[in-house]
Amino acid sequence: MDFISILSIFVLACFVGYYVVWSVTPALHTPLMAVTNAISSVIIVGGLIAAAEAGSDVAKWLGLAAVVLASVNIFGGFAVTERMLAMYKKKDK
Amino acid sequence: MDFISILSIFVLACFVGYYVVWSVTPALHTPLMAVTNAISSVIIVGGLIAAAEAGSDVAKWLGLAAVVLASVNIFGGFAVTERMLAMYKKKDK
Amino acid sequence: MLAYLIAGVFFILALRGLSSPATSRAGNRNGMIGMAIAVITTLVTHDIANIVEIGIAIFLGGIIGVTIARKIAMTAMPELVAGFHSLVGLAAVLVGWAAYLNPGAFGLLTGDGSIGAVSKIEMGLGIAIGAITFSGSVIAFAKLSGKMSGSPIMLPGRHVINLGVLGAIIVLTALFALAGPGDTMPLIVAVTVLAFVIGFLLIIPIGGADMPVVVSMLNSYSGWAAAAMGFTLGNTAMIITGALVGSSGAILSYIMCRAMNRSFISVIAGGFGADDSGGGKGEPREQRPYKQGSAADAAYMLEQAERVIIIPGYGMAVAQAQHALREMADVLEAKGVEVKYAIHPVAGRMPGHMNVLLAEASVEYDKVFELEDINSEFAQADVAFIIGANDVVNPAAKTDKSSPIYGMPVFDVDKAKQVFFIKRSMGGVGYAGVDNDVFYMDQTMMLLSDAKKMVEEIVKAMD
Amino acid sequence: MLAYLIAGVFFILALRGLSSPATSRAGNRNGMIGMAIAVITTLVTHDIANIVEIGIAIFLGGIIGVTIARKIAMTAMPELVAGFHSLVGLAAVLVGWAAYLNPGAFGLLTGDGSIGAVSKIEMGLGIAIGAITFSGSVIAFAKLSGKMSGSPIMLPGRHVINLGVLGAIIVLTALFALAGPGDTMPLIVAVTVLAFVIGFLLIIPIGGADMPVVVSMLNSYSGWAAAAMGFTLGNTAMIITGALVGSSGAILSYIMCRAMNRSFISVIAGGFGADDSGGGKGEPREQRPYKQGSAADAAYMLEQAERVIIIPGYGMAVAQAQHALREMADVLEAKGVEVKYAIHPVAGRMPGHMNVLLAEASVEYDKVFELEDINSEFAQADVAFIIGANDVVNPAAKTDKSSPIYGMPVFDVDKAKQVFFIKRSMGGVGYAGVDNDVFYMDQTMMLLSDAKKMVEEIVKAMD
Amino acid sequence: MKIAVLKERAAGETRVAATPETVKKLAALGASLAVEEGAGEAASISDAAYAEAGAEVGPVAKVVADADMVMGVQAPDVAALSGAKPGAWVAATFDPFGQRERVDAYAKAGFEALSLEFMPRITRAQSMDVLSSQSNLAGYKAVIAAADQYGRAFPMMMTAAGTVSAAKVFVMGVGVAGLQAIATAKRLGAQVSATDVRPETAEQIKSLGGKPVFAEGLEASGEGGYAAELTDEQKAAQAEMVTNHIAKQDIVITTALIPGRAAPRLVSDAQIASMKQGSVIFDLAVAQGGNVEGSVPDQLVEKHGVTIMGFSNTPAHLPADSSALFSRNLFNFLNAFWDKEANKPVLDEEIGNAIRLTRGGEVVNPRLSEAS
Amino acid sequence: MKIAVLKERAAGETRVAATPETVKKLAALGASLAVEEGAGEAASISDAAYAEAGAEVGPVAKVVADADMVMGVQAPDVAALSGAKPGAWVAATFDPFGQRERVDAYAKAGFEALSLEFMPRITRAQSMDVLSSQSNLAGYKAVIAAADQYGRAFPMMMTAAGTVSAAKVFVMGVGVAGLQAIATAKRLGAQVSATDVRPETAEQIKSLGGKPVFAEGLEASGEGGYAAELTDEQKAAQAEMVTNHIAKQDIVITTALIPGRAAPRLVSDAQIASMKQGSVIFDLAVAQGGNVEGSVPDQLVEKHGVTIMGFSNTPAHLPADSSALFSRNLFNFLNAFWDKEANKPVLDEEIGNAIRLTRGGEVVNPRLSEAS
Ligand SMILES: NC(=O)c1ccc[n+]([C@@H]2O[C@H](COP(=O)([O-])OP(=O)(O)OC[C@H]3O[C@@H](n4cnc5c(N)ncnc54)[C@H](OP(=O)(O)O)[C@@H]3O)[C@@H](O)[C@H]2O)c1
Ligand SMILES: NC(=O)c1ccc[n+]([C@@H]2O[C@H](COP(=O)([O-])OP(=O)(O)OC[C@H]3O[C@@H](n4cnc5c(N)ncnc54)[C@H](OP(=O)(O)O)[C@@H]3O)[C@@H](O)[C@H]2O)c1
Ligand SMILES: NC(=O)c1ccc[n+]([C@@H]2O[C@H](COP(=O)([O-])OP(=O)(O)OC[C@H]3O[C@@H](n4cnc5c(N)ncnc54)[C@H](O)[C@@H]3O)[C@@H](O)[C@H]2O)c1
Ligand SMILES: NC(=O)c1ccc[n+]([C@@H]2O[C@H](COP(=O)([O-])OP(=O)(O)OC[C@H]3O[C@@H](n4cnc5c(N)ncnc54)[C@H](O)[C@@H]3O)[C@@H](O)[C@H]2O)c1
């Protein structure tokens with residue numbers, strides 16, 4: 001992929017990020033942080049590649065470590081968000 | 001540019017477009033339409049390329065025609081928006 | 001091209017600016033800058049065989065555009081925008097054809113010297129959408145400018161015809177993509193023609209009241225056309241802008257439908273779903289045109305006003321809107337707007353009816369004026385805000401000897417720059433049971449809702 | 001990879017869902033789906049030499065993550081999030097190092113078998129930002145969980161030190177990019193170490209009150225780190241997500257600062273700009289911690305409640321908030337919430353003070369209850385909404401013999417699930433001039449503002 | 001044209017038909033005004049104020065002498081008018097059904113009697129309608145007087161010494177006076193309910209924050225916005241509703257009238273007996289025969305521990321305001337028909353015929369001919 | 001323990017110190033109640049109601065005989081108490097400064113006089129404070145009585161016959177009564193302004209929608225939330241402010257008191273003369289010497305066209321509510337100190353010493369010793 005495309009994607013994603021949170025209710029700030037945190041663990045992709053490919057043993061172990069850390073985050077982040085959001089379950093009327 | 005990048009850009013731009021107008025005051029609907037109209041004349045870029053390059057005379061004239069049409073739009077669109085927005089000049093207090 | 005990305009960003013900032021009056025003018029400037037960047041970049045990065053012709057073309061277009069923009073009446077804005085749309089649509093068709101005829105210039109040639117299938121699909125889509133935009137916009141323009149009847153024109157069997165034509169376009173585009181180099185011309189011609197036809201067919205059955213939504217929808221189409229061409233040309237600016245315009249136009253039509261309480265689907269599907277009944281609910285006793293507004297509109301105009309005169313009547317009492325009204329006045333006063341209350345001697349159903357309610361809402365006495373004291377001030381007022389009053393603002397009392405209210409002094413609300421009129425429906429009448437010319441004045445905006453609800457919404461919309 | 005784009009879209013939808021309580025759970029699901037797509041795509045599109053180890057790694061991480069998430073107390077959420085951030089930061093550092101050590105696997109090798117300069121810059125940035133995120137988050141975690149004093153720790157000359165370290169990181173990264181294949185190792189090690197240090201230095205001087213903003217800012221950093229790695233790897237999902245998280249985190253911190261009335265710059269600049277004074281304005285007479293809420297928070301909780309009891313006091317009268325209050329109750333009742341007013345015998349400054357005002361606002365008498373009749377109902381109430389009352393809810397009247405109000409019957413607001421307390425500042429007191437334990441209860445949220453303004457904002461925030 | 005304003009002679013009448021303000025305005029039209037000495041005294045208006053406004057102030061004989069028109073609140077006895085021009089107008093309230101003899105006397109004396117209570121209820125005559133302006137004040141006064149009589153407070157007060165609950169006020173008859181009574185009681189913090197026989201009043205009651213209490217299926221709207229008389233069946237339905245409702249009320253204000261007839265009986269002795277000790281009933285219709293059994297004008301009657309009160313002339317208890325509004329009604333009336341050239345008012349048919357009782361020695365009003 | 005409730009003997013006193021409600025509650029505590037025949041009559045309470053609540057109803061001698069305690073609104077003459085136990089408590093208002101002889105007589109007779117108006121203004125005694133509960137009702141009544149007296153309407157009314165402008169009401173002295181007066185006048189739609197010498201009242205006035213009008217630099221807060229007496233200089237400043245303001249007022253309500261002293265003179269004859277004809281002044285302090293020059297208790301005084309009124313005992317004009325609140329104050333007082341075992345109330349020092357006037361034949365109250 002050429003740099004311009006990547007940069008375009010990056011810039012546009014920044015705009016989306018900007019807009020998407022403008023209207024968030026303050027009560028949801030913490031869950032939102034937890035989710036974004038979980039999402040930013042997409043870095044796991046990098047860890048997976050490092051762990052998957054042969055070539056450097058050190059790199060492999062670093063990758064595996066990164067996968068562990070990111071997994072903690074992913075599972076923990078989503079799970080904790082789910083718990084927080086349970087408070088906001090619409091009451092039954 | 002590969003198709004995936006282009007598509008990514010396209011999708012992200014759609015999101016931005018979506019967010020950007022959600023909060024528009026109804027009173028600004030018409031100016032907003034005029035501006036988006038002017039902006040969509042970015043198609044002039046295609047016209048310019050067609051007109052600029054040698055190769056096919058028909059294509060060149062088509063291109064030139066497209067440039068004329070798009071220019072009407074660009075100048076007309078921005079100018080008319082400016083006029084409409086003059087109404088919304090903040091009153092002096 | 002980084003420059004194209006920058007142009008795209010400027011376009012985003014342009015639309016963003018347009019979302020609030022305070023930033024709207026800066027937004028428009030950003031749009032201009034973005035466009036300048038896109039055009040200049042294109043010229044700089046291509047070897048230009050025909051710079052003179054191009055210069056003339058731009059100059060010509062510019063002159064025409066600016067002239068139209070200057071001359072046009074403010075009231076003709078919607079039709080102007082529709083007209084402009086048609087130009088964008090046509091330009092897209094032309095560019096598509098140019099690309100088809102001179103693929104080399106656009107870098108579309110594959111190894112074997114023909115155009116790639118994907119490129120052809122994109123090209124076909126661009127041309128088709130452009131053509132639909134063009135003919136649709138022409139119809140919208142004609143309807144809005146009164147060159148054609150605004151009422152929906154229903155062809156018998158239009159659903160079948162429309163579906164057939166649309167299907168044909170899709171099939172032909174696919175064939176066009178797959179056909180060998182020599183066989184493409186008739187196919188692309190057919191696509192172009194059919195697309196012109198379907199644009200026409202789609203808009204013809206939509207009534208004048210829905211036209212603003214249609215214009216916005218066509219706006220969206222023009223964006224998609226630009227995006228399709230952008231795909232063909234691999235041009236970031238066109239893709240970003242096209243997608244931006246396409247999606248924002250679609251959302252805008254949706255928002256407009258919601259504000260008008262119309263189903264989005266039934267409007268955009270146009271020829272497919274348009275219900276055959278005429279628009280508007282709660283028929284006025286005489287079918288005269290009137291403007292209906294939303295709380296947001298009222299909020300905006302009130303905030304911009306310097307002097308507002310509120311005329312309460314029996315409807316305010318019925319709705320018990322006095323507290324909300326006081327709140328609205330508070331907010332306006334905090335913004336520096338001068339607010340006065342004009343009380344008619346017989347407003348309500350008992351002497352002093354309005355006074356009781358305004359006192360309950362703790363409106364200061366020095367803001368409450370009787371008819372003789374305030375009637376001359378309407379000429380200086382930016383807004384006359386009529387809330388549940390009716391007979392007491394009816395000009396028939398001054399002019400129509402046969403009216404049951406003839407001879408009663410009334411407020412001269414017609415002198416105010418803008419009139420807002422809150423009542424529940426066009427059907428309802430006042431105590432005297434007569435129609436009111438104020439509804440149909442140019443500067444009147446009807447706010448049809450329960451008075452309390454409407455005022456509360458106005459308060460919400462202000463900030 | 002189309003799949004990565006799709007994952008990115010799901011992430012966007014996830015954040016979008018989180019913007020309103022109604023869609024928040026769906027949003028969280030979308031996030032999970034997006035993550036699953038990203039992970040599976042990666043696994044499928046690479047030849048996996050170590051699938052078993054990877055499986056174990058994921059499983060291990062998953063177990064730990066879920067366990068922590070289950071066990072943690074709800075009150076420890078902010079520190080948990082901070083802790084999680086540190087993991088992301090560390091993961092970014094590790095991935096960066098892995099890429100540095102095995103560039104071939106990531107397709108980073110140029111023709112001559114070395115890593116390209118651009119890739120090295122991206123890599124260096126990724127590692128540096130990741131390291132800052134890591135050490136910063138560790139400090140934030142320690143401060144929030146009380147493992148470290150929450151008060152700002154001010155190193156002398158910290159501004160100079162910080163600037164020096166930051167400059168060094170930039171210079172070293174540039175050198176790293178330009179250095180020949182053999183010379184890079186010490187440089188990247190130095191960058192990593194210095195980045196860890198600067199993260200530590202930046203957060204240490206920030207006080208506990210500003211920590212939520214810091215956490216959100218670190219969140220943003222972790223996004224930028226992911227984006228930087230995405231650039232290195234040319235991975236759409238990482239770029240989109242990184243940019244998304246980066247910008248949304250930054251905006252979120254900005255919004256939070258605004259809500260807390262703190263300057264964004266002074267908070268994020270942390271070590272650079274932190275003013276040396278302690279946080280909070282209008283010191284409470286005793287420095288005890290309390291929760292402050294916004295109108296939007298109150299609006300949300302009120303809407304979700306089934307039973308709300310409003311306790312008006314002298315402050316409501318001073319603010320003349322009765323009309324706005326009535327309006328709020330109307331809106332709540334329209335949403336099916338039961339609203340009652342609890343009037344204390346000596347609320348206000350004259351007998352029947354509250355009754356006069358509520359009657360003025362046309363509150364029905366059958367919703368107004370005296371102390372004895374309603375005091376037992378607080379246990380069933382979801383929200384006790386205290387507006388301008390103070391002494392009449394002070395539990396000291398029941399427990400503290402030395403209090404000047406000892407012996408007066410008071411409302412048992414502590415029995416309600418949630419307490420909102422409107423007053424202008426923590427400094428203000430009631431007639432008796434004594435502090436009130438209700439401010440500092442777990443379930444109390446202080447709404448510090450003029451009562452009328454606050455209630456109006458709550459009404460606006462409800463819809 | 002000379003207009004004479006007399007001091008009211010009726011017992012308890014405190015109002016006056018012109019104020020310095022209207023004297024000045026009438027003089028500006030071209031009339032010359034003469035006001036009897038002491039005419040405004042009870043309404044806190046001194047003779048000097050009239051003189052300053054441009055009126056000639058003097059004894060009755062001098063004032064009436066050669067007058068083209070006499071203005072009064074209650075029509076004076078013909079005897080007091082000797083000296084006025086033959087055929088002179090007398091604009092005042094005449095109570096034409098109740099005091100038919102007086103009308104006949106006016107006819108015999110050759111005066112043109114203009115009865116202001118016959119002003120038609122059309123939009124343009126609203127500003128001349130003395131019934132509206134006086135009923136309005138009467139409705140206010142009834143509540144104030146009842147509140148002053150009542151041994152408790154109207155508003156709810158939750159105090160350290162316990163709660164005073166809000167008084168329950170029931171307004172019967174929701175015309176002009178009834179609506180103002182609702183508004184006033186509501187202002188004072190009472191819980192107000194009200195009833196009428198015209199269904200459109202339900203919305204009006206609510207528009208003032210009151211609660212409508214209607215007997216089912218009762219509908220008796222008459223002409224011109226007035227009520228019609230009830231059938232026996234309707235009366236029974238209404239009585240039942242009242243019986244159920246009234247026992248819980250602290251204050252009852254009755255205002256029901258039917259034009260040209262005795263006031264309807266709305267509250268019976270048995271119903272009064274069901275009320276709480278210390279309750280108060282104000283009968284605004286007491287002068288027209290009373291809506292309440294046992295009510296006596298200008299007396300406090302105590303029955304079953306309930307006080308029944310009512311004034312024979314309620315507006316006269318707010319002399320200053322009622323005079324101001326009455327005189328402005330009169331001015332609006334003359335002003336609307338004033339003919340600059342003739343320098344006198346010239347009535348049109350719709351209003352002239354409606355209010356004119358006598359002319360040229362005859363009783364000419366159609367409503368009086370019907371009634372007799 | 002036997003508690004006796006007497007019929008009030010003071011002229012114009014309509015209240016009673018116990019209602020069936022408090023009788024029942026006191027009985028529940030363990031007291032036995034005796035109520036004099038006809039005690040509740042003026043407050044619309046029948047003897048039967050007392051009997052039903054558990055009291056013994058009878059003639060005065062039988063009621064007082066052997067009583068451990070006598071409750072009254074105004075303290076009875078000692079003569080009426082013969083037969084009560086020696087050293088019996090008498091809880092009532094004593095007007096100790098004004099009627100010192102009565103206090104001495106109580107001392108001589110050996111009764112323990114508990115003066116309820118000496119109840120300290122501390123938070124826990126709020127529910128026993130008869131001054132607050134009675135002033136509150138007095139403030140309400142003053143406005144209603146003034147409104148009934150006034151020849152115009154209070155609220156603004158814009159009508160077809162012209163506009164009635166809102167009455168301007170000026171409340172002087174913003175204690176409990178003054179605040180309730182502000183609230184009531186405001187409710188009726190008047191334009192209300194008010195003044196006091198305690199600066200914190202400015203906010204309180206605004207909290208009821210009134211407009212504070214203060215003389216500059218005036219600050220005279222005394223002890224316990226009461227006002228102190230003004231210096232001559234302050235008096236001059238206040239007088240000037242009043243002179244400027246009062247001429248524009250239609251209604252003036254004065255409520256200013258200083259504990260233990262004559263009521264301050266706030267309105268002079270010259271100031272009255274500057275007011276409009278028909279204005280009304282209600283002097284709530286008339287019994288304590290009057291805030292207004294020329295005011296006479298229970299009489300309508302007309303001066304310069306202005307009516308000055310005031311009741312010697314305002315709460316007595318709302319007998320039902322004032323009795324209910326007074327008796328609940330009394331009950332709250334006894335209840336707070338009731339000792340189950342002794343089956344009688346046992347006072348603590350703070351409150352007991354504050355309200356006790358006499359004991360063991362001596363006048364024991366510090367405020368009285370100071371004053372003498
Ligand atoms: N003041 C007096 O003493 C008195 C006495 C008797 C008669 N009148 C007569 O009453 C009339 C007074 O005029 P006016 O201008 O006050 O009132 P009006 O002419 O009776 O008009 C009332 C208006 O309020 C609207 N309305 C009713 N309920 C509403 C609600 N809940 N929300 C929003 N709008 C509502 C009605 O239209 P919709 O139904 O469409 O909503 C109507 O347009 C005059 O004709 C006067 O002669 C006055
Ligand atoms: N009812 C009576 O007859 C009477 C008579 C005399 C004394 N009292 C005494 O008065 C007290 C009454 O208690 P209460 O609970 O009603 O009131 P309170 O204890 O006096 O408290 C008033 C509260 O309102 C807040 N406040 C003031 N202005 C405000 C505004 N504009 N917006 C928002 N909040 C505002 C104050 O805090 P901030 O300043 O921080 O905003 C304070 O917390 C009792 O102590 C009672 O004994 C009563
Ligand atoms: N448009 C105008 O010009 C104008 C001017 C003034 C009044 N009005 C209208 O005229 C109407 C009558 O006003 P009014 O005050 O002179 O009426 P009114 O004094 O004749 O009667 C008072 C009320 O008593 C009611 N009533 C009669 N019999 C009753 C019964 N048996 N039980 C219960 N209620 C009974 C009547 O319906 C009326 O509402 C009102 O609706 C008023 O709004 C119109
Ligand atoms: N906390 C409690 O328990 C409690 C209970 C009841 C009353 N209070 C407070 O006690 C205070 C006094 O109440 P009160 O009604 O018994 O007072 P009051 O009857 O003694 O006096 C009435 C008012 O007159 C004012 N006044 C005195 N001299 C004046 C002058 N020269 N000019 C103008 N105004 C003058 C006083 O300041 C007071 O406001 C009030 O603030 C009230 O809130 C407290």
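Modeller: A polar contact here is a pair of N or O atoms within 3.5 Å, and with that cut-off in mind we can read the two ligand sites of this predicted model.

Colleague: Which atom of ligand 1 does a polar side-chain atom of Lys423(C) lie 2.9 Å from?

Modeller: The partner is an oxygen atom of ligand 1, and the distance of 2.9 Å to the polar side-chain atom of Lys423(C) falls within the 3.5 Å limit. Taken alone, ligand 1 exposes 920 Å², of which the protein buries 93%.

Colleague: Which backbone atoms should I look at around ligand 1?

Modeller: For Val346(C), a backbone N or O atom lies 2.9 Å from a nitrogen atom of the ligand, whereas for Pro351(C) the backbone N or O atom lies 3.3 Å from an oxygen atom of ligand 1.

Colleague: Why is the site of ligand 1 shared between chains?

Modeller: A residue belongs to the surroundings if one of its heavy atoms lies within 4 Å. The site of ligand 1 is shared because the residues that surround this ligand come from chains C and E. There are 27 residues around ligand 1, and those that come nearest are Asn390(C), Asp391(C), Arg424(C), Asp450(C) and Gln126(E).

Colleague: What is the make-up of that shell, and which helix gives the most to it?

Modeller: By residue class, the shell around ligand 1 divides into 12 nonpolar, 10 polar and five charged residues. Helix H12 of chain C, residues 314–319, gives the most, with four residues.

Colleague: Between which chains does ligand 2 lie, and which residues are closest?

Modeller: Ligand 2 lies between chains D and F. Its surroundings hold 27 residues, the closest being Asn390(D), Asp391(D), Lys423(D), Arg424(D) and Gln126(F). Helix H12 of chain D (residues 314–319) gives the most to this shell, with four residues, and the shell as a whole divides into 12 nonpolar, 10 polar and five charged residues.

Colleague: Which polar contacts can be read at ligand 2?

Modeller: With the side chain of Lys423(D), an N or O atom is 2.8 Å from an oxygen atom of ligand 2. On the backbone side, an N or O atom of Ala347(D) lies 3.3 Å from a nitrogen atom of the ligand, and one of Met350(D) lies 3.5 Å from a nitrogen atom of ligand 2. Ligand 2 taken alone exposes 920 Å², and the protein buries 93% of that area.

Colleague: How many domains does the assignment give for chain C, and where do they run?

Modeller: The assignment gives domain 1 (1–71), domain 2 (77–269) and domain 3 (295–462) in chain C. Taken over C-alpha atoms, the centres of domain 1 and domain 3 of chain C are separated by 46 Å.

Terms used:
Residues numbered from 1 in each chain as written. Chains lettered and ligands numbered in written order. Predicted model: local features only at pLDDT ≥ 70, side-chain atom pairs only at ≥ 80, totals over all residues. Heavy atoms only, no water. Domains from an automatic or database assignment. Polar contact = N/O pair within 3.5 Å; in protein donor to acceptor, adjacent residues only side chain to side chain. Areas by Shrake-Rupley, 256 points an atom, 1.4 Å probe, with all protein chains shown as cover. Helix = DSSP H or I, 4+ residues; strand = E, 2+ residues; numbered from the N terminus. Nonpolar A, V, L, I, M, F, W, Y, C, P; charged D, E, K, R; others polar.
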